[in-house]
Amino acid sequence: LVPFLVDRPLILVRYPDGIEGKNFYQWNVPPGMPAWVRTITVRDEDERPDKPRAKRTFLVSDAATLQYIANLGCIPLHVLASRAPNLDVSDFFTIDFDVKQSTLANAITLARTLHDILEEIGLPSYPKTSGQSGLHVLVPLGRGQSFETARALADLLGRLLVEKHPDIATMDRVVSRRGERVYVDTGQTGTGRAIVAPYSVRAVPGARVSTPLAWSEVTPRLDPGQFTIRTVPKRIEKKGNLLAGLLEATPDIAGAVARLALRFTPGQGPT
């Protein structure tokens, strides 16, 4: 967990009475925090100019801080796609395949199509389980890309997926209009938007873990339930950190966008 969390603002989800009890999201650090715990102020992208709502969040830089957060009754950890000190730029974006009304098999079809598109335009990508039932695909941007660029690229890729697979994919935010299709959520990247962190435990029976995958594992045989707090440590010993490249990649974003414009025409599909 720690290498991916370093310098990223953190949102806690606390379960003081266990996973069967009430829970709540917490942006702001609680009072009485030890002086050695790092924090940072994050602006709310949805705030009104006349009513600024800055938040003071945790920054995890070591295992001791992670243990302190666990002792607050926190289970899942959510992180932003930016790193201190510059929180106005994004270093990755996420496409979330939400299968609440559909199937994992459909999400796998969409994720594989996304992987093919990203390969064609020269962008690396890193899949992981959500830790519940869905899939996330993380796409590195390197340092210095604006959130506007990240969101525009994610939205374009999402529209291409829906055009290619209209029977199983939708970007409709209205739940009642989605039917049994996978919700392709491209809205999890922003100055105040977060995803569940890789290797974060989820508050579900069995203690599933949001687990990075190799693309060779994203097949109909994939079972997110096999990745738990008991099995993932051994998996890491065997396979290493499959997400390490996300933090190191320096992709050619301008070139990828140019190739995308030549290869795909929104509204007409791949050319």
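Let's start with strand β10, residues 182–185: Val182 and Val184 point one way, Tyr183 and Asp185 point the other way, and all of these residues are buried. That fits the usual picture, because side chains in a regular strand alternate between the two faces of the sheet. Keep in mind that this is a predicted model.

**Neighbours of β10**

Strand β10 has a partner in β6, which covers residues 89–98; the two run antiparallel and are joined by three bridges. If you want to find that pairing on screen, look for Asp98, whose bridge partner in β10 is Tyr183. Strand β10 also pairs with β9, residues 169–170, this time in the parallel sense and over two bridges. Here Ala169 is the residue to look for, with Val182 as its bridge partner in β10.

**Enclosed spaces**

How many cavities of 30 Å³ or more does the structure hold? There are two, set out here:

| Cavity | Volume | Lining by class |
|---|---|---|
| Largest | about 40 Å³ | three nonpolar, one polar, four charged |
| Second largest | about 30 Å³ | four nonpolar, two polar, one charged |

The largest cavity brings us back to β10, since Val182 and Tyr183 are both in its lining. Asp98, the bridge partner of Tyr183, lines that cavity as well. The rest of its lining is Val99, Lys100, Gln101, Arg178 and Arg181. By class, four residues of this lining are charged and three are nonpolar, with one polar residue besides.

What lines the second largest cavity? Going along the chain, you meet Tyr199, then Thr211 and Pro212, then Arg235 and Ile236, and finally Gly240 and Leu242. One residue in that lining is charged, while four are nonpolar and two are polar.

**The chain as a whole**

Zooming out, the protein chain has seven helices and 13 strands. Its radius of gyration is 19 Å, close to the 18 Å that the globule rule gives for 271 residues, so the chain is as compact as a globular protein of that length. Along the principal axes, its C-alpha trace spans about 60 × 45 × 40 Å.

How much of the chain is buried? Buried residues come to 51% of the 271, and the four residues of β10 are buried too. As for contacts, take those in the chain with a separation of 6 or more: 69% of them are between residues 24 or more positions apart.

Note on methods:
Residues numbered from 1 in each chain as written. Predicted model: local features only at pLDDT ≥ 70, side-chain atom pairs only at ≥ 80, totals over all residues. Heavy atoms only, no water. Buried < 20%, exposed > 50% of the residue type's maximum accessible area, 1.4 Å probe, protein only. Pairing = 2+ DSSP bridges. 1 Å grid on protein atoms, 1.4 Å probe; cavity = no way out; pocket = protein on both sides within 12 Å on 5 of 7 lines; lining within 4 Å. Points joined across faces, edges and corners; volume = space filled by probe spheres on them. Nonpolar A, V, L, I, M, F, W, Y, C, P; charged D, E, K, R; others polar. Rg over C-alpha atoms; globule rule 2.2 N^0.38 Å. Contact = heavy atoms within 4.5 Å.
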